[in-house]
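Q: I am new to this structure. Please take a close look at one part, the place where the two chains touch, and then add a few local details.

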Amino acid sequence: MTLVKEAPARPAKKRSAAPAAGRRGRRRENLVGYLFMSPWIAGFLVLTAGPMIASLYYAFTRYNLFTPPQWVGFDNFTTMFQDPRWQKSVEVTLKYVVVATPLKLLLALGVALLLAQKRRGQGLYRAAFYMPSLIGASVSVGFVWRALFSDDAIVDRTQKVFGMDVGGWIGNPDYVLYALVALSIWQFGAPMVIFLAGLKQVPQELYEAAEMDGAGPLRRFWNITLPMISPVLFFNVLLESIHAFQVFGSAYVVSNTQCGPADATLVYTCYLYQKGFKEAQMGFASAMAWTLVVAVALVTAVLFWSQKKWVHYEEAAK
Amino acid sequence: MTSVSTPVVRTADERKRTGSIAWHVGSLAVLAVVLYPVIWVLGASFKPSKDIIASIDLLPVKPVWENFSGLADGISGISISTFFTNSLMYAGLAVAGVVLSSSLTAYAFAKIRFAGRNLLFTMMIGTLLLPYHVLLIPQYVMFRKLELTDTLVPLVAGKFLATEAFFVFLMVQFMRGLPKELDEAAKLDGCGHLRTYWSIVLPLCRPALITSAIFTFINAWNDFMGPLIYLNTPDKYTVSLGLMMFRDQEGISNYGSMIAMSLVALVPVIAFFMAFQRYLIDGMATSGLK
């Protein structure tokens, strides 16, 4: 994945025939460029950079919206680290990320491998598998999930057939998080489509050559497919884990706005929402947000660092 | 010779056929699990309230209409159409904002060579990874001070200011794929950047624009946290909040209407998806690659 394509050799050389006009032209280009992106620049300053600075400041204050922020140094952070509910929210979120992300990607890859074969109705299957990714974030599906996983509903009944009686997942603190995990896995369509696009890029000659050498399907998958799609795999792991850290809506809706029972689905952002918008502890919530930023940055950094070991980029191509 | 090769060909054919059957059986099995909740909600919306949780039938034994007709009463005096109008306003403004501002910004990144372009591009990509929550509180404080809470402004302002980096990125990638000769020809013909953007690049970018528009529409329609934080009078609520309100009012007692309302709330998303799934899926795929 190349994010920034290197600008091709500048046509500036052509311009150098008339250097004065070139310089003026370039200044004009600069101006026009900045004019075109003025919406983004304004948005970046007012809605991204400014708020970032503000929230960094709030993180070191006590602020309830009604009285001016009061500087308290590292108090928010020390309170936070000792807060059992905060610890619980970290635990819940990590569990969610660690369980949901790999399972979702595994399913996405499995289905992508299935759909990569040229068969009739491929497009239809692809579309159908993608649909949950679009509706999964809605409150509607949150309700559906509640209905499917509540006491005596279909999942519970099916389990009872197999002699497992947990009394519904929604009301059971040991299980409710896995209802959320299931909801996340269900939305495997987006990474699946990205895997599919990656699989299409693998040169067929490689498979033919391997087959001639007598490599079985498993070996071909391990030695050709996996390395060839590793950049796409990397992209998916990065994106999906970052998303998983920020889950909110489904936890809030499925567990009935309380992120429970017994804080069992108190994901990080749910606690942040409760602290900031229910208890008006804007300083504490900002400290939480910055801790999340650091955590996400760390995960991103570790993933980028690890890619040297397992992501295979074809430098020669194109 | 033929007597030897014929059976070989047939077994290969047969293997191909069994392979194909196995493929379809496998795909359909996964599909059944994946689409189960969707079919379930469809069936449940026609079941009497008391049967929705308790009955294990996927489809209603005797379909009833009462769940849908009950929706006509609205929720505590607010008509369902109010929520839909609000959501449509939000989604419509969001689409207009994203398409306009992101395409302008993308054009600058893709087609204009200005000082600091690469640095700004990196910064824009960086915002993709930034957890939204760090901006949530200061943005809320800002919009509150401007007395703009309980309006759509906080929800759509970012869309008009190209803060949705994903779409800018998508459009940049697309614009870079357009043949260079086109804008060079336009330049020779005396077209300025604005003209080139409007009459050449934009029409050619239709697939990327449509993808962004559909994603934006669906995201805005599904958005929950934004309206939850910013809107506080019920007649300004979007469908998502309307649904939550519905649950609070009616609770378990009226499961039927809740499920019916959930289904109705999904209709625009599913319709959009059916109509444009090609664009959406290809757009999703290209955004993940180069």
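A: What follows starts at the contact between the chains and then turns to two spots in chain B.

This is a predicted model. Begin with the contact itself. On one side stand 99 residues of chain A, in contact with 100 residues of chain B. The size of an interface is often given as the accessible area lost when the parts come together. Here the area buried between chain A and chain B is about 8800 Å². Carbon and sulfur atoms give 76% of that area. Salt bridges between chain A and chain B number 0. Polar contacts do occur: 10 residue pairs between the two chains, both residues at pLDDT 80 or more. On the side of chain A that touches chain B, helix α3 (residues 38-58) of chain A gives the most, with 13 residues. By class, that side of chain A has 67 nonpolar, 20 polar and 12 charged residues.

Now a helix of chain B. Helix α10 spans residues 193-204 of chain B. Its buried residues include B:His193, B:Thr196, B:Tyr197, B:Val201 and B:Leu202. They cover an arc of only 140° around the axis, so they lie on the same side of α10(B). The face turned away from that buried side carries B:Arg195 and B:Trp198, which are exposed.

Last, a loop residue. B:Thr238 sits between α12 (225-230) and α13 (239-250) of chain B. B:Thr238 is buried, because its relative accessible area is 2%, and buried means under 20%. Beyond its neighbours within four places in sequence, B:Thr238 is in contact with B:Phe83, B:Asn86, B:Ser87, B:Tyr90, B:Pro227 and B:Leu231.

Technical notes
Residues are numbered from 1 along each chain as its sequence is written. Chains are lettered from A and ligands numbered from 1 in the order in which they are written. This is a predicted model: local features need pLDDT of at least 70, side-chain atom pairs count only at pLDDT 80 or more; totals for chains, interfaces and linings use all residues. Side-chain values use heavy atoms; hydrogens and water are left out. Contact means heavy atoms within 4.5 Å. Buried area is the accessible area (1.4 Å probe) that two parts lose on being put together, summed over both. A salt bridge is a side-chain nitrogen of Lys or Arg within 4 Å of a carboxyl oxygen of Asp or Glu. A polar contact is a pair of N or O atoms within 3.5 Å; within protein, one must be able to donate a hydrogen and the other to accept it, and residues adjacent in sequence count only if both atoms are side-chain atoms. Helices (H or I, at least four residues) and strands (E, at least two) are DSSP runs, numbered from the N terminus. Ala, Val, Leu, Ile, Met, Phe, Trp, Tyr, Cys and Pro count as nonpolar, Asp, Glu, Lys and Arg as charged, and the others, Gly among them, as polar. Buried means under 20% relative accessible area, exposed over 50%, partly exposed in between (1.4 Å probe, protein chains only). The arc is that of the directions from the helix axis to the C-beta atoms.
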